[in-house]
Structures are given as C-alpha cells and as structure tokens.
Amino acid sequence: VQLQASGGGLVQAGGSLRLSCEASGRGLSIDDMGWYRQAPGKTRELVATISSNGSTNYAEAVKARFTISRDNAKNTVYLQMNNLKPEDTAVYYCEADIRPHRILPLYNYWGRGTQVTVSS
C-alpha cells in the first residue's frame with residue numbers, strides 16, 4: 001500500500017491550492033483519512049481528518065478556509081485550501097488507516113509529503 005500526495009506548490013497569500021492523495025493497492029478497506037503539516041522548526045500538526053462515512057474534523061487555524069473530502073471509489077482524499085496565508089507554509093502529509101486485506105487489521109500509512117509555500 002502506498003499513499004501518493006500531489007498538488008502542492010507556490011501561491012500568493014489569498015490564493016488557493018487543492019491537494020490530492022491516492023492510496024494504491026487492490027482490495028483496500030480504508031477507514032479514517034487525514035492531512036497533517038509540518039513547518040520548518042515545528043512539530044507535525046493535524047490539519048483535517050475525514051472518516052469513512054464523511055465526518056470531518058479541522059484544526060482551528062484552518063476552519064472555514066480548508067475543506068477535506070474523499071472519493072471512496074478512487075481511494076483518494078482531497079484538501080481544498082482557500083485564502084491561504086504565509087503561516088500555512090509547510091510540508092503537507094496525507095495519512096490513512098487501511099486494512100490491506102480483509103483478514104488483516106488496520107494499519108496506519110503515511111504519504112511522503114508535498115510542499116506548500118505561501119508568499120506574502
């Protein structure tokens with residue numbers, strides 16, 4: 001199982017970006033999915049999570065600006081980021097709790113991360 005994130009880049013303050021993260025593998029059963037970020041010199045922090053039935057949770061700093069969603073048919077989670085601020089600059093990581101096979105337990109997987117840079 002691999003998580004491949006994409007969609008990062010350089011954007012001016014006030015702009016938007018959409019991150020995508022696809023879980024590859026056959027016969028996957030995916031539970032919660034989420035996005036985290038890590039800025040230089042800081043610890044990794046939660047951005048948003050979404051459960052298998054669509055319930056969402058957001059960090060206070062991104063509420064009303066970011067939207068997490070998922071396409072279960074594509075094993076993909078998205079993060080729409082609007083009104084970006086310089087303090088949103090970080091490496092963004094996707095993660096997911098996945099059962100690789102019906103007889104196996106859930107495992108926690110992480111993608112490699114995608115850089116988001118917001119200029120002022």
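The charged end of arginine 44 sits over the ring of tryptophan 110, at 4.9 Å from the centre of that ring, in what is a predicted model. Tryptophan 110 also takes part in the 1 aromatic pair that a search of the whole structure finds. Its partner is tyrosine 36, and because the two ring centres lie 5.0 Å apart with the planes at 55°, the pair is classed as tilted. This pairing links distant parts of the chain, since tyrosine 36 belongs to strand 4 whereas tryptophan 110 belongs to strand 10, residues 107-110, and 74 residues separate them. With a relative accessible area of 37%, tryptophan 110 is partly exposed, because that value falls between the 20% limit for buried residues and the 50% limit for exposed ones. Another arginine is placed over an aromatic ring elsewhere in the model: arginine 18 lies over the face of tyrosine 78, 4.1 Å from the ring centre.

These strands belong to a protein chain with 11 strands and 0 helices, so that the order of elements from the N terminus on is β-β-β-β-β-β-β-β-β-β-β. The C-alpha atoms fill a box of roughly 50 × 25 × 20 Å along the principal axes. For 120 residues a compact globule would be expected to have a radius of gyration near 14 Å, and the 14 Å of the protein chain agrees with that expectation. Buried residues account for 41% of the 120 residues, and, among contacts with a separation of 6 or more, 54% join residues 24 or more positions apart.

The interior can be approached through its nonpolar side chains. In soluble globular proteins, nonpolar side chains tend to be buried together. Here the largest nonpolar core has 31 residues, and those with the most contacts inside it are Trp35, Val47, Phe66, Ile68, Leu79, Met81 and Tyr92. Among the elements that give two or more residues to this core are strand 1 (2-6), strand 5 (45-50), strand 7 (66-71) and strand 11 (114-119), while the largest share, 5 residues, comes from strand 9. Isoleucine 68 illustrates how such a residue is surrounded: leaving aside neighbours within four places in sequence, its contacts include Met33, Trp35, Ala48, Ile50, Tyr58, Val77 and Leu79.

A polar residue can be buried as well, as the loop between strand 8 and strand 9 shows, for aspartate 88 lies in that loop and, at 1% relative accessibility, counts as buried because the value is under 20%. The side chain of aspartate 88 makes a polar contact of 2.7 Å with the side chain of arginine 65. Beyond neighbours within four places in sequence, aspartate 88 is in contact with Arg37, Arg65, Phe66, Asn83, Val116 and Val118; of these, Phe66 is one of the residues with the most contacts inside the largest nonpolar core.

Asparagine 83 is found in the loop between strand 8 and strand 9 too, and its backbone deserves a separate look. Most residues other than glycine have a negative phi. Asparagine 83, although not a glycine, has a positive phi of about 50°, and it is partly exposed, with a relative accessible area of 42%. Alanine 64 likewise has a positive phi, of about 75°, without being a glycine. Alanine 64 is placed in the loop between strand 6 (56-58) and strand 7, where its relative accessible area of 87% makes it exposed.

Methods:
Residues are numbered from 1 along each chain as its sequence is written. This is a predicted model: local features need pLDDT of at least 70, side-chain atom pairs count only at pLDDT 80 or more; totals for chains, interfaces and linings use all residues. Side-chain values use heavy atoms; hydrogens and water are left out. A nonpolar core is a set of buried Ala, Val, Leu, Ile, Met, Phe, Trp, Tyr and Cys residues joined through side-chain atoms within 4.5 Å. Buried means under 20% relative accessible area, exposed over 50%, partly exposed in between (1.4 Å probe, protein chains only). Helices (H or I, at least four residues) and strands (E, at least two) are DSSP runs, numbered from the N terminus. Contact means heavy atoms within 4.5 Å. Rings of Phe, Tyr and Trp (its six-membered ring) pair if their centres lie within 6.5 Å; planes under 30 degrees apart count as stacked, over 60 as edge-to-face and the rest as tilted. A charge sits over a ring if NZ of Lys or CZ of Arg is within 6 Å of the ring centre and within 35 degrees of the ring normal. A polar contact is a pair of N or O atoms within 3.5 Å; within protein, one must be able to donate a hydrogen and the other to accept it, and residues adjacent in sequence count only if both atoms are side-chain atoms. The radius of gyration is taken over C-alpha atoms; the globule rule is 2.2 Å times the number of residues to the power 0.38.
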